[in-house]
Amino acid sequence: DNVSIGGSRETTCAILTDDSIKCWGNNNYGQVGDGSVGTSRYVSTNVSMPSGKQGRSLSHGSQANHLCAIMTDGSLYCWGYNYYGQIGDGTTCTGGSYLNGCNGQTGRSSPIEVSLPTGRTATAVSTGEYHTCAILDDGSVWCWGYNDNGELGVGNMSSGTWAYSPSLTLLPAGRTATAIASGVGHTCAVLDDNSMVCWGRNSYGKLGNGDSASRSSPTYVTGSDGSVSALQFSSVAAGYDHTCSITTDNDMYCWGNDNQEQLGNVYTSQWASYHPLLVNLPAAREAMGVIAGGYHTCAILDDESMYCWGQDNDNRLNTEYNCNSNDYTNGCDADDRDIPAPAIPPSGRSIVAAFAGSQYTCALIDNGGVYCFGYNGNGQLGNGSSFGNGPSFVDFPVAVSLTTSDRDSDHDGV
């Protein structure tokens, strides 16, 4: 998994062709990773990379305040908020403490190596609100951090110093993981047989198993009849209280909380779905990529368009028509977008990958640029200020662009 654009709740990061990782946005816990804390960065800023390390893949975590990067040698580094041990080096950071490299603001301001099992390397990483999970090179999943809702998938909901370092998640016997995503208190993983398991907090049925009881061990996503879902999943994204996935036939399904229309399927009987529901994407188009923000969702299609839906404040969807209060026209449900609509790319350009923060979206354009829109109160759009809702390009050094992303819809190397 080579993900060249990622981030956290209000911080965005990119891996660039000059071998740097640059971040911008909120830095209240040190999540920009440049060694500082407290001052938001309105332009892209170099992460203080460990000597000799180059980034290969970034975490996605629209509700996290920490970030992680897999290096080209398979080592894993994290930085930012660490009150619950989600950095993964066996430590926590409390307010006012500078012990163990803490920055006095409950975080770590530079990348810290995660204590992975001996001889193992990371292939994918996801950041939840207070926990982190990674897929290793043998297909196993290891998680660390907060565990009061079973976030670590180890069969209990307890906490202690053991949770500050990676623990083996209890995947079904004989199965390995191929994709992973984490939201608020929950994680879902696609398995090698294209089934999906989820664990942790289950508010609004976001685990997709038919009820709202939290699970401390991975449980299969099910169909409406209660049996293991017959859908063949290939990728997964997690928002605040909803989960979405693309299947092997390139359809897209979502489940969980729908109170802001983030499921994208005109599901009107209640504000949640406890099983996967088909997203209403354009006919004859295939879904190639999916991202989930706090209460909005976007899909990249096979023609390199991107359709978005859900909460429509602050231009986070960047559609031609914005939904406002008491608006039930043009696919709106009050100030939320019920029916997916195309996000507007720069003129003559298309979208090949994207990241969704809590209330904003950044898209990787087909020329290697980054184009952001939505809430910008902490500079997460990277436009040099904390004003405006975009869309706007992020400034990078001349002749420098993002590296190749596996989440590239047409596999053309951008």
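**Exercise 1. Find how many disulfides this predicted model holds, and work out the handedness of the one that includes C68.**

Solution. Begin with the total: the structure, which is a predicted model, holds nine disulfides. Next, take the cysteine C68, whose sulfur lies 2.1 Å from that of C78, and the two are joined in a disulfide. A pair of cysteine sulfur atoms counts as a disulfide when they lie within 2.5 Å. Then turn to the torsion about the S-S bond of C68 and C78, which is about 105 degrees, so this disulfide is right-handed.

**Exercise 2. Determine which strands the disulfide of C68 and C78 ties together, and decide whether each cysteine is buried or exposed.**

Solution. First locate the two cysteines: C68 belongs to strand 6, which covers residues 66–71, while C78 belongs to strand 7, which covers residues 76–81, so the pair ties together parts that are ten residues apart in sequence. For the second step, recall that buried means under 20% relative accessible area. C68 has a relative accessibility of 1% and therefore counts as buried, and C78, at 0%, counts as buried too.

**Exercise 3. State the handedness of the link between C93 and C102, and say whether these cysteines are buried or exposed.**

Solution. Start from the bond itself, a disulfide that joins C93 to C102 with an S to S distance of 2.1 Å. The angle about its S-S bond is -80 degrees, and the link of C93 and C102 is left-handed. Finally, both C93 and C102 are buried.

**Exercise 4. Describe the disulfide of C188 and C198 by its handedness, its strands and the burial of its cysteines.**

Solution. The sulfur atoms of C188 and C198 are 2.1 Å apart in a disulfide. Because the torsion about their S-S bond is about 110 degrees, this disulfide is right-handed. C188 sits in strand 14 (residues 186–191) and C198 in strand 15 (residues 196–200), so the pair ties together parts that are ten residues apart in sequence. As for burial, C188 is buried at a relative accessible area of 1%, and C198 is buried at 0%.

**Exercise 5. Work out the order of the open sheet that contains strands 14 and 15, and explain which strands stand at its edges.**

Solution. This open sheet has four strands in the order 13-14-15-16, and their pairing is antiparallel. Strand 13 (177–182) and strand 16 (215–220) each have a single partner strand and stand at the edges, so one side of each is left without a neighbour in the sheet. From one strand to the next, the twist averages 20 degrees. To finish, look at strand 13 and strand 14, which pair in the antiparallel sense over five bridges; S182 stands opposite T187 in strand 14.

Definitions and conventions:
Residues are numbered from 1 along each chain as its sequence is written. This is a predicted model: local features need pLDDT of at least 70, side-chain atom pairs count only at pLDDT 80 or more; totals for chains, interfaces and linings use all residues. Side-chain values use heavy atoms; hydrogens and water are left out. Buried means under 20% relative accessible area, exposed over 50%, partly exposed in between (1.4 Å probe, protein chains only). Two strands pair if DSSP finds at least two bridges between them. Axes are lines fitted to C-alpha atoms, for helices over the stretch in contact, and angles run from 0 to 180 degrees between N-to-C directions.
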